[in-house]
Structure formats: structure tokens, C-alpha cells
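Got the viewer open? Here's a quick briefing to read alongside it, grouped by topic so you can dip in and out.

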Amino acid sequence: MSINVFQFIIAAVLITLGIVVMILQTFGIFRINYVLNRMHAAAMGDTLGIFLIVAGLMVIYGFSMASAKLFALIVLFWFASPVCSHLLSKLEVNTNEHLEEECEVSEE
């Protein structure tokens, strides 16, 4: 596997951006008060951060079987993260007795 300087710079920028997104998401989660808003911020930040980091790794590996596996990993996370977030949010809605005091709830 031979990597040139251009590939390295693009990969380093993508991986660094992914790490920055994940760090900012972590600080943002602690600043948000309500649990469902935290869940949304965590899901969005994870999705973008993981995508940027894995995209950087795909640039390093180039067009190969390893990059195809990394692409499959991105697809897996893009399906798993929203589903897990939805299930955890649904658990909060079903178990929080004081939900109406914290946010608007519509029965549809």
C-alpha cells in the first residue's frame, strides 16, 4: 500500500474533523438539559463523526477490499445509530411520568 502526500493530507483532515465533531458533540451533550435533546445531539454527532473518520481511513486504503469493508461499516452505523436512538427515546417517553412538564407531548 503506497500512499502519497495528497492522500495523506486529505485523510488527516477528514480524521481530524471527525475527532473534532465527536469532541464538540460530547461537550454539547453535557450542556443540553433534556434527555431527548441529548439523544438527538448524540445520534447526529456520532453519525457525522464516524462518517468522517471512516472516510479518512478509506482515503488511506484507496480502492481496495479494506475500503469496501469500511464502507459497509458506515452503512451499518447509519442504520444502527438512528434505530438505537429511537428505541432509547421511546423508552424515555414510555417510562417518564413527568414528561408533560418537560416538553410538549402529542398523542397521534
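A residue counts as buried when its relative accessible area is under 20%, as exposed when it is over 50%, and as partly exposed in between. With that in hand, look at helix α3: Ser 67, Leu 70, Ile 74, Ser 81, Ser 85, Ser 89 and Glu 92 are its buried residues. Keep in mind that this is a predicted model.

**The big picture**

- The chain folds into 4 helices and 0 strands, so going by that count you won't find any strands to look for.
- Reading from the N terminus, the order of elements is simply α-α-α-α.
- The C-alpha trace spans about 60 × 25 × 15 Å along the principal axes of the chain.
- What would a compact globule of 108 residues have as its radius of gyration? It would come out near 13 Å, but this chain has 18 Å.
- Just 23% of the 108 residues count as buried.
- Take the contacts in the chain with a separation of 6 or more: 66% of them are between residues 24 or more positions apart.

**Surface and charge**

- The chain has an accessible surface of about 8000 Å², and carbon and sulfur atoms make up 70% of that.
- There are 4 positive and 9 negative charges in the chain, and their mean positions lie 17 Å apart.

**Helix α1**

- Helix α1 covers residues 5-31.
- Its 27 residues should span 39 Å at 1.5 Å a residue, and the end C-alpha atoms are 39 Å apart, which agrees.
- The buried residues here are Ala 11, Gly 18, Gln 25 and Ile 29, and the buried residues of α1 pack against α2.
- Thr 16 also sits in α1. Is Thr 16 buried or partly exposed? It is partly exposed, because its relative accessible area is 48%, which falls between the 20% and 50% cut-offs.
- The C-alpha atoms of Thr 16 and Val 83 are 27 Å apart, with their positions 67 residues apart along the chain.

**Helix α2**

- Helix α2 takes in residues 35-61, which makes 27 residues. From first C-alpha to last it reaches 38 Å, close to the expected 39 Å.
- It has a long list of buried residues, including Leu 36, Met 39, Ala 43, Gly 49 and Ile 50.
- Which helices do the buried residues of α2 pack against? They pack against α1 and α3.
- After α2 comes Gly 62, which has a positive phi, near 70°.

**Zooming in on Gly 49**

- Gly 49 belongs to helix α2, and it counts as buried because its relative accessibility is 0%, under the 20% cut-off.
- Leaving out residues up to four places away in sequence, Gly 49 touches Gly 18, Val 21 and Met 22.
- For one of those partners, Val 21, the C-alpha atom is separated from that of Gly 49 by 5.5 Å, although the two are 28 residues apart along the chain.

**Helix α3 and its serines**

- Helix α3 runs over residues 65-95. Its 31 residues should span 45 Å at 1.5 Å a residue, and the end C-alpha atoms agree, being 45 Å apart.
- The buried residues of α3 pack against α2.
- Why does Ser 81 count as buried? Its relative accessibility is 17%, and the cut-off is 20%.
- Beyond its neighbours up to four places away in sequence, Ser 81 touches Ala 43 and Thr 47.
- Ser 85 is in α3 as well, and it is buried because its relative accessible area is 13%.
- With neighbours within four places in sequence set aside, Ser 85 is in contact with Met 39 and Ala 43.
- An α-helix has 3.6 residues a turn, so residues three or four places apart point the same way.

**The view from Met 39**

- Met 39 lies in helix α2.
- Not counting residues up to four places away in sequence, Met 39 touches Ser 85, Leu 88 and Ser 89.
- The C-alpha atoms of Met 39 and His 86 are separated by 8.7 Å, and the pair is 47 residues apart along the chain.

How values were computed:
Residues numbered from 1 in each chain as written. Predicted model: local features only at pLDDT ≥ 70, side-chain atom pairs only at ≥ 80, totals over all residues. Heavy atoms only, no water. Helix = DSSP H or I, 4+ residues; strand = E, 2+ residues; numbered from the N terminus. Rg over C-alpha atoms; globule rule 2.2 N^0.38 Å. Buried < 20%, exposed > 50% of the residue type's maximum accessible area, 1.4 Å probe, protein only. Contact = heavy atoms within 4.5 Å. Areas by Shrake-Rupley, 256 points an atom, 1.4 Å probe, with all protein chains shown as cover. Lys, Arg positive; Asp, Glu negative; His and termini not counted. Charge placed at Lys NZ, Arg CZ, Asp CG, Glu CD. Expected span 1.5 Å × (residues − 1).
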